[in-house]
Each structure stands twice: as structure tokens, then as C-alpha cells.
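This report goes through selected parts of one protein model for a reader who has not seen it before. It takes up single residues, nonpolar cores, helix packing and backbone details in turn.

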Amino acid sequence: MSFKKSDELKIQSPKKVAVGFPAIASVGFRIWEETYVGRGVKTMFKLNQVKGYDCPSCAWPDPDPSERSSIAEYCENGAKAVAWEASKETIGAEFFSRYTINKLLSKSNYWLEKQGRLSTPMYLPQGATNYEPVSWEKAFTIAAEQLNKLQDPNEAIFYTSGRASNEAAFCYQLFVRQFGTNNLPDCSNMCHEATGVALTETTGIGKASVKLDDIAQTDLLLIFGQNPGTNAPRMLTELQKLKQNGGKIIAVNPMPETGFMGFKHPQKPWEWVGDGTPLQDLYLQVKINGDLALVKAILMLLHQAQKLDSSVFDTDFIEKHAVGYHEFIDQLDQENFDDLVVQSGVSAVEIEKAAEYVMNAKKIIIAWAMGITQHTNGEDTIREFVNLLLLKGSIAKPGAGTLPVRGHSNVQGDRTMGIWEKAPESFLANLEKAFAFKAPREHGVTAVEAIEALVAKKAKVFIGLGGNFVHAAPDTDVVEKAMNDADFTLHIATKLNRSHVVHGKSALILPCLGRTEIDETSKGKQFITTEDTAGRVRMSMGDLTPVAPNLKSEVAIVCGLAAATLGNKSSVEWNHFSIDYSLVRNKISEVIPGFDHFNEKVKRAGGFFLPNPARDGRFIGNTEKAKFSVTVPANKQIAKGRFILMTMRSHDQFNTTVYGFDDRYRGISGDREVVLMNKEDIKNNGFESEEKVNITSYFDGKERYLNGFKIVPYPITKGCLAVYFPEGNVLIALENKANESQCPASKFVEVSIKKQTSIL
């Protein structure tokens, strides 16, 4: 399977300033490329506006209504996502009669998604070579027959993408639990699950404890394993405010990222000339997985300073709001500073500088993303972040706290709605009371466990509410075989992707409305809601005419599947839910704390914030105290001559969707089949720039291969490599995962590389 474009690889020096005019030019090109210019420009004015729709890209919080730009409250990647969704091209019966499954399998995921919006339900009967059109009624009947013939409800997997609305997610989990299973894995299982585990245990809530305006108020922001210039560009606006207010930024990453270096505000042309606003005050280039050792080394220096000056720690806060302090200190005393320095990959001098920044700060925010979570010990690293914040009293006050930077736009809201394989008892009890049925209590499967169940043939049906599971999951070859072995697969989607052509014995593709489009039922125009990283819930209503007349909303599709499958076994009036989303929100009010008067509150400008005890200084249990943790750095060792490889995203993609082949900030274009490598490692191992190599990964005695990738010299930490996601997923063993959260360890893969002419 090829991922690359036909263009030749082009390498330039990495950029030193993010955004500015190039971002505007990129947006203009994508609108022109994907859709009618008038349609594309029109809808941009509604993106992230109070009376508009929520961005279908990342989950970065919107400013308060009075602070939002009326011209462009969005970033480059958000605009690309909108253009991608608002495509003028559609595909239906004629397209699928022309392309057999085998022909589609030979195409890249980029090509598949570029063909346009899905326009009608498509069915692939067992043994057929082509998808064929079916009516919605027939599609629902087929799905119901496949589900109802299972011997056990747990033989079905119900996956959810982070882009599903609150209303769709709530109906989906209700349908699944009334069907009789908690098999509700979602994309959180593959990205921020470690965050939920660690924060719930230490602060009592697996969400950020800060709001958007806290960032500009902080004294010090530490950012770990995150590339805001690409993955959350609107974050740069807040970092600029922080700098203008005198705050400091420490960036921690195995390779420098343009988004930390400089920023030119796209709506301020006077900033386009010159070097922009410098952002990072200190860059700490860790080894891959050296973050925990780094933080622990900083804490050792703080502990030593506390012995000389008792004001370094906020002892009043610790005594009032935390438990486990003495156990934490006892373990810290057992650590060896020099060993931690080596494990981190950062020099002692640089660590001392970082410790000084921390000592001088009264308000600290720690932000992180998948560079932290996608490790076998991601939970412990996040626990260490919380340790640092507790020592400094930097939580539950303005300008201080935890900031996990979430990925997809409603991934946090989906979890709030009950998309969770192990929902708490309180949620299940409320659900039972509201809908008069007995919810299953046996925990379901995570995303990785879902694959394992398919491999073992314990699961026979896979249903996906959005997303591109086959492309997003680790161990690509294993996943594709497992999906082919399933009896039936069903995907609800806007565009064709790899998961639709790597199918079960029979398969359905059900096309849905996009978030940009008008959703009108017999009850009038409907709106949906989403939750952002800061826990704000807001309404979202598209303004574009749907690209095809036969599309249904996610809510209507889920309700149609539920009604057909459950029949008179369910007392839920699914048809009413499908045409009047206010009825769904009324039920959400009954089940989930914080959503009282949901329909009224969400119509207020800007929506409303959900309760966040950690933000208010109320933490865990009856004591309402946060918890210090005892952690030990993993200090992972690899064989001599091998490297640590991580996966990454380009600037021209969001999750599995590749918009183009220009990783602009890193200076790489025309080809994605590349491996980033330190110049000294290239020289010392006898390689040359752009030379093709074969990559072999090692885990638990098994090898996996990725061949013919070109070397790109890049200032990444020595001994470390990077390849693009999802291309690199083939190297990640399914078993290489966190013990607690089951999150794939996509950021730590032991590999060797050889010239392509070498015999494996």
C-alpha cells in the first residue's frame, strides 16, 4: 500500500516562525481545491461563532463570545477540515460499480478520501466484488439481522470517533447498552486514555483543570510532547498573550517544533514582517520517553532548595489539599540525580535552568499531548506532572493547573456522554432509571482489546461511528486481517476511507451529514452540541445545503439502527429522538450531572461549563484532597545499534486524514515515506540524506517491517527516529501498550535501520 504522492521528495530548512501569511495562503488553496469558493468562504464565517458550528477538527477551547474574532475564529487546520468536509464531489452507485474492492485496496487512503462525499448507503454482500446501493430501510434491516443473530451481545464491537456529537454519542451508548454490552471503545483509548487514568486517580477528574483565559495569566507554562503549531494552532494566540503578559514557556520535546519558536498572528498583517513573537524561553530536548526522568530531576532540585528555603514549596496548600506527600518525598530521596540526567537526555545545566524557572513561578500550567500519553508509562509521567503542580500549589487557582491538549473535536464530550467501556456505576444507575432497563455491568473492551477480540474471533461484528479505525490502530497487518475475518462491518462516515475497503465478510457504509451542513427534520432545523478541552458545552448548527439529498444525520442513523435492532425490546421512542434532538438533551439532563436545564443553558451565548471539582479545589473522596504519587522512571534499554522510533503527524494532516504533502514547518514536502534522523546518527551509521532504508521493529521476539523509506536529516535527539502516522503503525506491536490504560506505545518503538539493498 502506497501513502505518498507522485512528486519527488523536497527538503528545506525547518521554519522558525509559525502561521502568518503562509497559513492564509494554504487555507485559500484548500478551499479552492476541495469545494466551490463561494460555498467554502461562506461557511468559514460561521466556524466557531456563537450562532455557527463547532470546528470539526481539534478540541481547542473557544474564547468567550466577547473575545472571539468575527472574521476568522479558526486556524489553518480547522479551515482545511471544513474544506475537506464541504467537498463539491460526491460518490455513489456509479463510483462503486466502477471500482471493485481490489481496485480500491490498491489506492492510498489519501486517494480514497479525495474522491468526495459519500451520498447513498452502500452494501457489500458476502462474496461480492463491489459495493451496491441499498435503501436506508434495507440497510437498517441488514444491520439488525447481523446483530440479532449473534450468540452473545459481547460479540459486537461499537467504536466511536471523537467527532460524534453529544446527542449522537448519547443515543449510541444507549442503543449499545440496551443491546446488552459495554463494548464501547473509542479514539480516547488510542490517545489520551492515560490522561484520564492518571488525572482521575490524582485530582478526581480526568479533564483539564484550567480554562482558556488561565493560559494568559500563568507565570510559567511547561509543554510536553505537543506540537501546537500543527495540532492546535489556535493555542499559539494564547501563548502570545502569555508572553505579552510576562509569562515564561518551557518546551519539552525530542525535536524542535516551529510552533514553539515564533508566532505571527494571521489576523495582524503588521506582524507578518520580521521574526514574529518569540515563544519558548527554554527548549529541553529530551530523549524519547525521558520526560518522567526530567521532571523527577527538576523535583529533586526543588526538594534540595526547599531544605534551604521553606518557601519553595507551597506547604499550606499541600497540608490543606493533598495526601501522600511524605511517601512521595521518601521515594524522591532514593533517586540519583546523575542517573536521571542520563535517562532524560537533557544536560544538568539545562535541568537546573528549568528548575529555576519553576522555583520562581507562583502560577504554573503543565500542558501535554500524545508525546506523553502514548507510552507504556504515560500514566506515571502525568502523575509526576501533578506532583509538581501540588508542590507549588499550582492547581485550583487562576493561571494554574493541568492542561491535556485533546485531539478530536468532541472526544471529551463523547466520554462524558457514556462512550466508555467501563462507565461508572453512577452513570449506569442513572441510565437505568431514565430508560427503565437493566444496563450490563461487565466491562467492555478498549480499542486494543477490540482488535484482540477480533483476532481471537470472540468478536464477529464491528460497527464504527465515524473515524478510520483500521488506519488509526497499531499493528496494521494484524488489524486488517482481523477486520477481514469479521462476519460484518458497518461504518457511519462522510467520506470513503481505508476502513471501508478492509471489510468483514459483508459490509455496510452509511453516509452522514457533516457538521457544516444544515440538519433539518420534520420538527425543523436541529442543532447538536459538543464539549471542548476546557469542559465548555456549546451548540453547533451547520449552514450549508447538504451535498446529497439522501443523507441522514448521525443521530438519525443511530436511532434507525437502534429501532431496527431492538424492536419492541426497547421502550425508547427512537423515531422521536431522530427528529427532535431536544428530547435527547432532556434525557441527558436526567442522566448526567451538570446538564440540568440543558436545552436552555446551551442556547446562551458561548454555552456553559460543566462542573470541574479540581478547578474549584475539591479533589478526591470524602477528604476532597488531591493525591501525590510515587513513580519510578522506566529507564528502558534497547539493544546496541538500535534506535527509538516515534510516530508523528505532518502539518498537512489531521489524525488519519492527509490534506496534502507539505509538512511546511519541518521543510518536508512531496513524500510521506520518510524517516527523520539526527545528522550525526546518519554519518556515524554510514547513511546519506534521502537514501532509502528498511526499518525493522522489535517487540517480544517478533519483527515488523517498513521498507523503502527515505532518510531526512533533522535535529531530532540522537538515537531517536520519527516517521509519519499512520504509515508507521505497521511497526507498532499490538502488545506494546500501557498496562493501565491500554494505550498503544506509538511513541516508543525499538527499531533498526538498514540500507534498502540489505537482506532482511
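A helix here is a DSSP run of H or I that is at least four residues long, and helices are numbered from the N terminus. The model is a predicted one. Ile101 belongs to helix 5, which covers residues 101-105.

**Two buried residues**

Buried means under 20% relative accessible area. Ile101 has 7% relative accessibility and therefore counts as buried. Leaving aside neighbours within four places in sequence, the contacts of Ile101 are Leu124, Thr129, Tyr131, Val501 and His503. Glu167 is 66 residues from Ile101 in sequence, and their C-alpha atoms are 33 Å apart in space.

Gly116 sits in the loop between helix 6 (109-114) and strand 4 (117-118). Is Gly116 buried or exposed? Its relative accessibility is 0%, so Gly116 counts as buried. Not counting residues up to four places away in sequence, Gly116 touches Ser87, Glu89, Thr90, Ile91, Thr494, Lys495 and Leu496. Between the C-alpha atoms of Gly116 and Glu691 there are 35 Å, and the two residues are 575 residues apart along the chain.

**Nonpolar cores**

The largest nonpolar core has 65 residues, and those that touch the most other members are Phe158, Phe435, Leu508, Leu510 and Trp574. Helix 8 (residues 166-179) supplies the largest share of this core, with nine residues. A second, separate core has 55 residues, among them Phe328, Val358, Ala361 and Ile366.

What does Trp574 touch, leaving aside its neighbours within four places in sequence? Trp574 is in contact with Cys171, Leu174, Phe175, Gln178, Cys559, Ala562, Ala563 and Leu566.

**Helix 12**

Helix 12 spans residues 235-244 and is mostly covered, with seven of its 10 residues buried. The buried residues are Met235, Leu236, Glu238, Leu239, Gln240, Leu242 and Lys243. Gly246, just after helix 12, has a positive phi of about 95°.

**Helix 23 and its surroundings**

In helix 23 (residues 447-455), the buried residues are Ala447, Val448, Ala450, Ile451, Ala453 and Leu454. They pack against strand 7 (156-160), strand 16 (461-465), helix 24 (469-472) and helix 25. Just after helix 23 comes Lys457, with a positive phi of about 60°.

How do helix 23 and helix 25 cross? The axis of helix 23 and that of helix 25 (residues 476-485) come within 8 Å, and the crossing angle is roughly 55°. The two helices are therefore oblique to each other. Their crossing is left-handed. On the side of helix 23, Ile451, Leu454 and Val455 take part in the contact, and they meet Val478, Val479, Ala482 and Met483 of helix 25. The residues of this contact are seven nonpolar, no polar and no charged.

**Helix 14 and helix 16**

Helix 14 (residues 291-308) packs with helix 16 (residues 325-332) at an angle of about 105°, and their axes are 11 Å apart. Angles of 65 to 115 degrees count as roughly perpendicular, so helix 14 is roughly perpendicular to helix 16. From helix 14, Lys296, Leu299, Met300 and His303 meet Phe328, Ile329, Gln331 and Leu332 of helix 16. The residues of this contact are five nonpolar, two polar and one charged. Phe328, a residue of this contact, is also included in the second core.

**Backbone details in loops**

Glu624 has a phi near 50°, which is a positive value in a residue other than glycine. Asn655, also not a glycine, has a positive phi of about 50°. The table gives the place and accessibility of both residues.

| Residue | Loop between | Relative accessible area |
|---|---|---|
| Glu624 | strand 23 (608-609) and strand 24 (626-627) | 36%, partly exposed |
| Asn655 | strand 26 (653-654) and strand 27 (657-658) | 22%, partly exposed |

Which residues does a cis peptide bond join? The bond links Phe725 and Pro726, with omega about 5°. Pro726 is located in the loop between strand 33 (720-724) and strand 34 (749-755).

Technical notes: Residues are numbered from 1 along each chain as its sequence is written. This is a predicted model: local features need pLDDT of at least 70, side-chain atom pairs count only at pLDDT 80 or more; totals for chains, interfaces and linings use all residues. Side-chain values use heavy atoms; hydrogens and water are left out. Buried means under 20% relative accessible area, exposed over 50%, partly exposed in between (1.4 Å probe, protein chains only). A nonpolar core is a set of buried Ala, Val, Leu, Ile, Met, Phe, Trp, Tyr and Cys residues joined through side-chain atoms within 4.5 Å. Contact means heavy atoms within 4.5 Å. Axes are lines fitted to C-alpha atoms, for helices over the stretch in contact, and angles run from 0 to 180 degrees between N-to-C directions. Angles under 35 degrees count as roughly parallel, over 145 as roughly antiparallel, 65 to 115 as roughly perpendicular and the rest as oblique. A crossing is left-handed if the near helix is turned anticlockwise from the far one by less than a right angle, and right-handed if clockwise. Ala, Val, Leu, Ile, Met, Phe, Trp, Tyr, Cys and Pro count as nonpolar, Asp, Glu, Lys and Arg as charged, and the others, Gly among them, as polar.
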